[in-house]
Amino acid sequence: MLEETFSEYFLCNFNDAVHPEDLPADGRLRKLWMSEDLWTLEEIKLIIKRWQEERGKDPLEGRGEELLNDFLQLIFAFVQNNFTGPFDRLTSCTEMLSSLQLDNCDPLEQLKASGEELNPNVKTAELLLIAKQILDALIAAHPTSKLLIWWRLRLICLHQHILDDLASALYEEFKVAAEDLHGHLEAFATKELQALLLLELANGYLQFHRSDLACQKLDQVCSHLQVELQVEGLLGMRTKFQQKALPQLCLKVVQQQQQSEDQDQALPSAKLSNAQTTLPQLLLLEDDTRLERIRFIEPQDNEVMTLPSVLQALVLAKVKQLKRSQPKDRLADEQLEPYTQTLLYQEHGPLQVRQAALLLNCHQESGQRRTVERSWKQCEECVKLLDTAERHPLRTRLSYGFAAFLQPKWQVQLQLVDLLRSLGMTKTALDICLQIHAWEQVIECYTSLELRHKAAEIIRQELEKNPTALLYCLLGDAIDDPQCYEQAWQHSKQTSGKAQAYWGNFFYRRAEYAQAIEHYEQSLEINSLQESILLRCGYSAIQLERWEVAVKCYLAYTHLEANGFESWNNLGKALIKLGDKPRAHRLLGESLKCNYSNWKVWENYMLVSVDTSHWEDAMRAYQRLGELKQHYLDEEVLTRIVYGIARQMQSDSISQAASSSLQRRVGQLLGQQCVQHGNEPMVWELAALVAVTPLKKAEHLVKSYRAYTAKQMGWETKSAHAKKALSLCLEVAELSQAAMKEHAADESEGMITSQLNSSRLAATSCLNALKRASLVEVPKEQQTQMDELEQQLTELTKIVQQRMQRTT
């Protein structure tokens with residue numbers, strides 16, 4: 001039980017495992033838990049009248065449970081009319097609210113947040129507004145009640161759902177409530193309640209696009225419930241005619257054994273908690289090639305793992321978090337498939353979890369030729385389910401509903417619109433868009449049908465009925481008239497961030513970036529959670545070289561969407577321009593996680609790593625560029641890496657282990673470069689620089705000399721080239737002689753003699769070439785080098801002859 005005034009049953013996590021004797025004596029609460037009808041029109045009418053009459057008059061002490069029951073019925077009526085369905089009482093409820101003539105109750109204005117208006121499909125918003133007022137009064141009277149804070153958290157999420165875009169003001173409220181609740185998990189007695197709270201926190205963070213925070217909360221749920229979600233590869237068949245079993249992904253939910261003394265804390269099975277729930281089934285695929293589901297080789301792997309309802313909600317939250325945090329491609333969908341498949345074949349469970357899993361599956365299958373038709377039909381069934389009153393009463397629809405990421409009806413319909421448009425059924429999609437007032441999609445449909453002028457007509461008609469800032473903006477887009485955006489701004493009494501965003505988009509499309517930034521910044525001041533506006537404002541700032549603005553915008557965007565490599569890359573570029581290269585290096589490393597195969601990002605990362613002396617990262621980037629680009633070679637970067645590592649190894653600040661690691665790594669890199677670019681003298685010269693023994697250095701320099709003389713045609717006639725060749729030969733001669741005194745154990749006398757002979761031959765060929773060139777006047781420095789090489793050649797010849805005589 002809770003250490004507070006209110007019973008935990010006021011949270012209304014409805015499940016069939018609760019018996020009447022478990023409930024407190026409060027008659028209205030018992031009715032909520034036991035009856036199918038959670039509210040009636042007469043009850044709602046009386047609640048509203050009572051609140052209007054008593055609001056602000058009497059103290060609330062002693063009436064807390066009565067008011068909380070009033071609040072619950074208002075919320076359940078609102079949720080039914082907009083989220084869960086059925087919508088059989090929507091018309092009568094709307095008429096009842098109109099007849100009450102509520103004073104000082106304008107939800108369209110009072111429920112605005114950060115300049116964002118309510119979606120035009122929201123019904124009976126007065127119920128939500130009055131419920132918020134009651135909850136605020138209850139919290140004022142019971143400030144220590146964590147149950148009331150939990151309900152505030154739920155109301156914030158519901159409020160965000162009925163807005164068209166994210167609202168920064170609501171996110172700030174959500175953070176305050178989330179931090180308060182997270183710090184008082186122990187206020188809730190059972191492990192199941194604590195897990196549900198963490199799940200709702202995770203879903204809330206996901207709703208505000210904070211995937212990393214959601215992931216942390218989900219990890220806490222797993223730790224709290226002693227559960228591990230493991231995706232394994234098992235051999236199985238996907239098609240009917242497949243002969244060879246291939247690895248297929250499968251989700252295993254590993255639950256640690258409960259101790260005997262914790263049996264009262266064990267999670268109830270789904271068969272108990274949702275015994276009376278008839279779950280909608282996945283439609284049959286009926287394909288001539290593909291199996292209905294993967295058939296694994298081991299029989300036990302084909303058995304459906306039965307999960308408690310809370311764990312089903314956990315799997316759903318995890319798949320939504322992964323979907324949010326991963327790139328949008330076919331590979332990512334395949335990684336999500338085992339999660340959704342586990343949910344789709346559960347025999348018992350919460351209705352909202354199954355509905356959400358079906359919609360996720362529709363989205364995953366919509367891009368595949370063999371499953372797209374089922375995806376469309378299944379989505380239609382999900383829309384119909386919302387209106388079906390017979391099979392699923394409201395209490396069943398709300399079972400674990402707040403932990404299952406409730407979706408408004410129009411969002412489900414918009415998913416169906418996307419599917420219809422992808423199948424070319426644009427007119428059918430258009431009819432749905434007109435029905436749910438999805439004006440942006442209406443314009444897109446008319447544009448696809450080459451009837452763009454019709455869109456302007458429809459929007460003008462709607463403006464005459466009920467003008468909104470969004471409609472003025474859409475009219476401006478339809479007719480390319482910037483005055484419409486100004487009208488939207490004035491209509492909103494200069495509070496609509498959307499009006500400024502559309503106004504900025506008008507200039508952005510015309511590459512008038514200075515004016516675009518001016519409007520974008522005003523829009524972001526009103527509402528900072530606009531992803532597309534942050535991107536466009538950042539891009540505009542880069543075009544104008546306003547690096548501070550670019551950093552601000554891209555940094556805010558990466559907090560919302562951490563998987564866009566371009567945003568990380570552009571942020572790194574802006575930081576480089578501002579001179580903050582260490583930070584740019586770290587951020588470009590983040591961008592690589594989002595797109596591992598973009599050579600531009602790797603090149604930027606390599607250059608910044610070199611500038612910041614992160615040599616391991618620079619070498620990794622160079623090697624990856626060699627894989628992505630054929631015959632990739634950047635001598636300047638290689639030179640900076642080699643000399644930078646050489647300086648670092650000579651310093652006292654580096655440990656012996658780190659020095660050995662760098663030496664080994666750079667040796668491997670240059671070894672690869674020598675194989676790929678054996679005709680480049682600089683590569684061999686750099687390899688000689690990092691070689692450990694004089695013999696290895698001499699071997700590399702001989703090859704450098706050969707590559708140099710082959711590459712530079714007529715080198716012997718050009719003084720600068722001739723001096724380079726002479727210096728290489730002189731260095732080879734010195735190193736070859738040094739190898740006689742200093743060599744590794746695996747370097748034999750025969751190898752040393754062979755190298756001395758190679759050095760002698762190189763010196764001979766160099767001198768002969770220079771003598772044949774017959775320059776009229778040889779520069780003094782070059783002549784000095786030639787004389788010195790003559791002496792070295794004499795010495796080398798003598799040494800080689802002596803060593804050859806000893807061997808014979």
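In the predicted model, helix α14 supplies the largest share of the lining of the second largest cavity, with 4 residues. This cavity encloses about 90 Å³ of space. Its lining consists of F83, T84, Q352, Q355, A356, L359, L386, A404, F405, L406, Q407 and V412. Two elements, α3 (64-84) and α14 (351-365), each give two or more residues to that lining. By class, the lining of the second largest cavity comprises 8 nonpolar and 4 polar residues, with no charged residues.

In total, 4 cavities of 30 Å³ or more were found in the structure. The largest cavity holds about 140 Å³ of space. It is lined by L153, R154, C157, L158, H161, E200, N203, G204, Q207, F402, F405 and L406. The elements that contribute two or more residues to this lining are α7 (146-161) and α9 (191-207). Helix α7 accounts for the largest share, 5 residues. The lining of the largest cavity divides by class into 6 nonpolar, 4 polar and 2 charged residues. F405 and L406 appear in the lining of the largest cavity and also in that of the second largest cavity.

Open pockets were examined as well as enclosed cavities. The largest pocket contains about 2,100 Å³ of space. Its lining is made up of 48 residues, of which D164, D165, H209, R324 and Q411 are the closest to the pocket centre. Helix α17 (residues 409-422) provides the largest share of this lining, 7 residues. In terms of residue class, the lining of the largest pocket has 19 nonpolar, 17 polar and 12 charged members.

The second largest pocket contains about 740 Å³ of space. Among the 32 residues of its lining, L108, L118, P120, N466 and T468 are the closest to its centre. At least two lining residues come from each of α4 (90-100), α5 (107-110), α6 (125-141), α20 (452-465) and α21 (469-479). Helix α5 gives the most to this lining, with 3 residues. By class, the residues around the second largest pocket comprise 13 nonpolar, 9 polar and 10 charged.

These spaces belong to a protein chain of 808 residues. The secondary structure of the chain amounts to 37 helices and 3 strands. The radius of gyration of the chain is 36 Å, whereas a compact globule of 808 residues would have a value near 28 Å. Along the principal axes, the C-alpha atoms fill a box of roughly 115 × 70 × 60 Å.

Burial, contacts and surface were also assessed for the whole chain. Buried residues constitute 54% of the 808 residues. Of the contacts in the chain with a separation of 6 or more, 66% involve residues 24 or more positions apart. The chain exposes about 37,400 Å² of surface, and carbon and sulfur atoms supply 48% of that area.

Key
Residues numbered from 1 in each chain as written. Predicted model: local features only at pLDDT ≥ 70, side-chain atom pairs only at ≥ 80, totals over all residues. Heavy atoms only, no water. 1 Å grid on protein atoms, 1.4 Å probe; cavity = no way out; pocket = protein on both sides within 12 Å on 5 of 7 lines; lining within 4 Å. Points joined across faces, edges and corners; volume = space filled by probe spheres on them. Nonpolar A, V, L, I, M, F, W, Y, C, P; charged D, E, K, R; others polar. Rg over C-alpha atoms; globule rule 2.2 N^0.38 Å. Buried < 20%, exposed > 50% of the residue type's maximum accessible area, 1.4 Å probe, protein only. Contact = heavy atoms within 4.5 Å. Areas by Shrake-Rupley, 256 points an atom, 1.4 Å probe, with all protein chains shown as cover.
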